[in-house]
Amino acid sequence: MRLTGVGVSPGVGVGKALVLKHGAQDLRFRIPAARVPREIDRLQEARTRSRRQIEQIKARIAQSAGADHAYLFDAQLLMLDDAMLVGRAAAIIRSQRLNASSALEKALEEISAVFDKAEDAYLRERKGDVADVVGRLRMNLRAAGDPADLFADLEGPLVLIADELSPSTVAQLDWQRLAGLVTNGGSWTHHAAILARSIHVPAVAALHDASSAIPPGALVAVDGSTGEVLVDPDAEMLQQFRGRQQRRAAYELALHEYSALAPVTADGVAILLEANLESPDDTERAKEQGAVGIGLFRTESLLAGVGMAGATEEMQYAAYRQLVVSMAPGRVTVRTFDVGEPQRRGDETPGGSALGLRGIRLSLGLEEVFQTQLRALLRAAAHGPLRIMFPFVSSVEELQAARRAVALAAATLRARGDAAPAVPVGVMIEVPSAALAADLLAPDADFFSIGTNDLIQYCLAVDRTDDRVSQLYQPLHPAIVRLVRMVVRAGRHRGIPVSVCGEMAADPLQLALLIGLGLREFSMAPTSVPLAKRVLRDLRTADAARTASAALRARTAAAVESGLLRLLAPLEVKRTS
Ligand code: PEP
Ligand code: MG
């Protein structure tokens, strides 16, 4: 079977289908360092609950079948306290950063190996008892809201086929196990696609009924450049895909050479290239690709599984400090939570209105949550250059209220005797009103960062996650060119830096346009940095500016595009979107 969707993360991957239907929350995942203490607490809570349950069972059995039969459960109670089990799982959480359920499974494997070697048949049989206790512990972890091990019984590389993926589910996936991602809906700027690109997992979106059509366990080959998905391919087809895989790897290797080169245009203009990150553990990857800072840290991943109520000041502080320390001397720009109602509760279910209570609107309405995040950020700023950025700002009043919140958090910290360094506070320009009124926002902003993903969808009224209208999602639409120009002008007039952190910066053509419009700072998925360097090193800013002036007069996206194609023709670069 051959299906064709939209390639949203280039590359070729082959693996066994793992089908994730809506509501399935069984996942194996790695946790960020900051989540370790919480995961260990959850493990201990599961132990307490399990002990209570086993004691109840023991009492019931003793009553109905006699104390002789109840002794079996004494063994289980002892196992709960054995350092080789829960203690070992806690050590695995710490050292390997696995979620509690996966760590328990690993501990069980180790214990089973010991039992297997035992001479004594009675001892060998106790393996079943340990497995029973582990099963109970894991059940109790699930009861405590753990998305347990969906990947547990599966082997080898997997291709995840999902009908729907919420950002927090995406954040929790064990991406190391994934050779590919296939989704029923989605598009280039869907969060799942952005993440797939940032960690090099080939992905195809907009396959409509893929999650019904592809049977779990089928061999699936994904080409994230062409959008092709083969299900149970024959040997010849598979060979063809493997060939593409090798060519892609060679292309990426050649591109990687650019990661170490300076981001300077052909006429000597220095450009700042930073990375967009979702996890504080990914800074090494960003540096490896040649990014010198983090231009957008999406804090939502810290809420996965715990919700806003569970994201404590200490946990956030640890995550932000880790980011700042590992990127130093590069700067880190952290965006405050950009979530809607469902994620606020730690709910995996996607939904909530894209135009509703989200981003800065939600933060301003949840004073304690916002203050907690701001205190954690200000404390982390003592360890290196950090900037705070607000998402979804649509008016001056919102920005001013958010700045007052920062001042309040700083005052609280000082009253506590903690340091609260002054940090640059900026605005994401991603709502059309913010772009149109950028000159009015500028006096209260230390910097602007243009979020083109949302700016395009709201300006053009095209849902970025809906593949049925994705042909209308046009980053080169004249209205977008003009909006960007307005923001650049407002920033320049006020003397504040303006960067771009949306996906536009990752596409060679669009990057050239942005440079032509006067932008010099960009943040993108880490994997896009080498290609961006390759493009800008061959580009002369004067030529780009001429093309951008023509784009400002163009009447259609096609006209803007043809000007850029002419500009970049000598470079022979592959477009990414
Ligand atoms: C944007 O909107 O352009 C952006 C960078 O943020 P996100 O993709 O997280 O909405
Ligand atoms: Mg956005």
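**Exercise 1. Find which strand pairs with S11 in the parallel sense, and over how many bridges.**

Step 1. Locate strand S11 at residues 332-335 and strand S12 at residues 386-390. Helices and strands here are DSSP runs, numbered from the N terminus (H or I, at least four residues, for helices; E, at least two, for strands).

Step 2. Count the bridges: S11 and S12 pair in the parallel sense over 4 of them. Two strands pair if DSSP finds at least two bridges between them.

Step 3. Check one position. Val-332 stands opposite Leu-386 in S12.

Step 4. Widen the view. A closed barrel of 8 strands runs S9-S10-S11-S12-S13-S14-S15-S16, with parallel pairing. From one strand to the next, the twist averages 25 degrees. Axes are lines fitted to C-alpha atoms (for helices over the stretch in contact), and angles run from 0 to 180 degrees between N-to-C directions.

**Ground rules.** This is a predicted model, where local features need pLDDT of at least 70 and side-chain atom pairs count only at pLDDT 80 or more, while totals for chains, interfaces and linings use all residues. Residues are numbered from 1 along each chain as its sequence is written, chains are lettered from A and ligands numbered from 1 in the order in which they are written, and side-chain values use heavy atoms, with hydrogens and water left out.

**Exercise 2. Name the residues that coordinate the magnesium ion (ligand 2).**

Step 1. Look for donors: N, O and S atoms within 2.8 Å of the metal (3.2 Å for Na, K and Ca). Water is not among the atoms, so sites may look incomplete.

Step 2. Read off the pair. Glu-430 (OE) and Asp-454 (OD) coordinate the ion at 2.0 to 2.1 Å.

Step 3. Place both residues. Glu-430 sits in the loop between strand S13 (425-429) and helix H17 (432-436), and Asp-454 in helix H19 (residues 452-460), so the pair ties together parts 24 residues apart in sequence.

Step 4. Check burial (buried means under 20% relative accessible area, exposed over 50%, partly exposed in between, with a 1.4 Å probe and protein chains only). Glu-430 is buried at 1%. Asp-454 is buried at 5%.

**Exercise 3. State how many salt bridges the whole structure holds, then examine three.**

Step 1. Take the total: 32 salt bridges. Each is a side-chain nitrogen of Lys or Arg within 4 Å of a carboxyl oxygen of Asp or Glu.

Step 2. Start with Asp-74 and Lys-58, which meet at 2.8 Å, N to O. Asp-74 is in helix H2 (residues 67-81) and Lys-58 in helix H1 (residues 36-65), 16 residues apart. Asp-74 is partly exposed at 33%. Lys-58 is partly exposed at 26%.

Step 3. Move to Arg-244 and Glu-228, with closest N and O atoms 2.9 Å apart. This pair links helix H9 (residues 235-256) to strand S8 (residues 228-231). Arg-244 is buried at 19%. Glu-228 is buried at 13%.

Step 4. Finish with Glu-313 and Arg-375, at 2.7 Å between the closest N and O atoms. Helix H12 (residues 313-327) holds Glu-313, helix H15 (residues 367-380) holds Arg-375, and 62 residues separate them. Both residues are buried. Shared partners join Glu-313, Glu-314, Glu-368, Arg-375, Arg-379, Arg-416 and Asp-418 into one network of salt bridges.

**Exercise 4. Find where the pLDDT is below 50.**

Step 1. Take the mean pLDDT of the protein chain: 88, with 91% of residues at 70 or more. pLDDT is the predictor's confidence in each residue, from 0 to 100.

Step 2. Pick out residues 146-150, where pLDDT is below 50. Beyond near neighbours in sequence, this stretch has 30 contacts in the model. Contact means heavy atoms within 4.5 Å.

Step 3. Add residues 348-352, also below 50, with 13 such contacts.
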